[in-house]
Amino acid sequence: AATAPRIPPTRLALHHFDMNYSLQLKDLWPSVRAALLCEQKYGALLNNFSPVDHVAQELELLNATDFVSEALKTAQQSQWGVTTEEVGRGESRSQEGSGESRTVMEAETMTQAEMSPPLCASISSNIKCYTFPRGDITRFRPARPDALGLLDYYLMDAASLLPILALNVQPDDFVLDLCAAPGGKTLALLQTGICGHLAANDISISRTKRLYEILHSYIPKEIRKMVSVTSCDGRDWDQLEGGTFHKVLVDVPCTTDRHSVMEDDNNIFHKRRTKERQMLPMLQLQLLMAGILATKQGGEVVYSTCSLSPLQNEYVIERAVEIAETQFNIRIHVEDLSHFRTLFQDTFSFFSECRLGELVLPHLTANFGPMYFCKLRR
């Protein structure tokens, strides 16, 4: 009997997404779909352990900008604009009074403005990532080694830095990257320059080798000493080192939507991987629970995927919050990250209807993502 023609996994993935994401994203889906099928846009994460000034100048001459510092600058300017406006209003109201009352009014207004938390308070300015403007599809040159052999930048989806910025590492924090390979986010965590200790884990030994390669290509030996690399099943991490970390990144395996519609190799929509794909939300939930249990009281977890699927995103968060409370008596607070939408709206296209966390949508003029990220406080 003639066998049915084999449908490529990329086609199966696109069919699956057409059925599901058209319901979720509605009118946005056609443009997101077109972007997923086009070449992805990259950012250049500067290596702070290599002399970067000349690299930054070179990139700026090509019309690339550091999207992190640009966003912070814009936020500070708008905040300063609000402050000066308020001071101006205060002055005009008290012009009839004495000079003394005017000074009091100014002081009060300034204090109120200082008290309102600035948008940029929770963003690490040590991370520098250059991107080309919206609509500009220029490619970056490959990374080059410096005199010590360290590469000058790392090319990655710039949206992948948002979970790192959301984690907001503080000086001397003990940090766990639970699903660390191939290593881009681990490298970004080290670029903050302030981790007290970084544990980088991945279940796959072959992918962990790639992580080692990245650390050796970008990080000096003395800094590598504060990184411990392991190849454990992340689901068991709480049994190894429970309640010990200030910050945990849980960047879980997912349907990797962009890869799934573009590449037949290692595609999770391959027929033989159907069961594995169906079990992904359960795996993601187990990994997130392990991340929560690895965190100290008062510590923070950032969960992230490169999928648009609410089953792998918000639903996993909701279930984890519920299990933490009912089975472990741990109250989890889901942080509001909507300020990321305001800060980075010039670089990324965000989905405004995300119930929990934030979702970067691929868009033809800003073809980053998909990237979902959500922050939890224990």
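**Exercise 1.** Which backbone nitrogen does the side chain of Asp-202 reach at 3.5 Å?

Solution. The model is predicted: local features need pLDDT of at least 70, side-chain atom pairs count only at pLDDT 80 or more, and totals for chains, interfaces and linings use all residues. Residues are numbered from 1 along each chain as its sequence is written, and side-chain values use heavy atoms, with hydrogens and water left out.

Step 1. A polar contact is a pair of N or O atoms within 3.5 Å; within protein, one must be able to donate a hydrogen and the other to accept it, and residues adjacent in sequence count only if both atoms are side-chain atoms.
Step 2. At 3.5 Å, the side chain of Asp-202 reaches the backbone nitrogen of Ala-180.
Step 3. The backbone nitrogen of Ala-181 is reached by the side chain of Asp-202 at 3.1 Å.

**Exercise 2.** Determine whether Asp-202 and Asp-233 are buried or exposed, and place each in the chain.

Step 1. Buried means under 20% relative accessible area, exposed over 50%, and partly exposed in between (1.4 Å probe, protein chains only).
Step 2. Asp-202 has a relative accessible area of 5%, so Asp-202 is buried.
Step 3. Asp-233 has 22% relative accessibility and therefore counts as partly exposed.
Step 4. Helices (H or I, at least four residues) and strands (E, at least two) are DSSP runs, numbered from the N terminus. Asp-202 is in the loop between β6 (195-201) and α8, and Asp-233 is in the loop between β7 (227-230) and α10 (237-241).
Step 5. Contact means heavy atoms within 4.5 Å. Leaving out residues up to four places away in sequence, Asp-202 touches residues including Leu-178, Arg-207 and Ser-231.
Step 6. The side chain of Asp-233 makes a polar contact with that of Arg-235 (2.9 Å).
Step 7. The unreviewed UniProt entry lists residues under "binding site", among them Asp-202 and Asp-233.

**Exercise 3.** Describe the packing of α7 and α8.

Step 1. The axes of α7 (residues 184-191) and α8 (residues 205-218) come within 9 Å and cross at roughly 35°. Axes are lines fitted to C-alpha atoms, for helices over the stretch in contact, and angles run from 0 to 180 degrees between N-to-C directions.
Step 2. Thr-186, Leu-187 and Leu-190 of α7 meet Leu-211, Ile-214, Leu-215 and Tyr-218 of α8.
Step 3. These residues divide into six nonpolar, one polar and no charged. Ala, Val, Leu, Ile, Met, Phe, Trp, Tyr, Cys and Pro count as nonpolar, Asp, Glu, Lys and Arg as charged, and the others, Gly among them, as polar.

Methods
UniProt positions are given in the numbering used here, feature names are shortened, and annotations may be inferred rather than shown by experiment.
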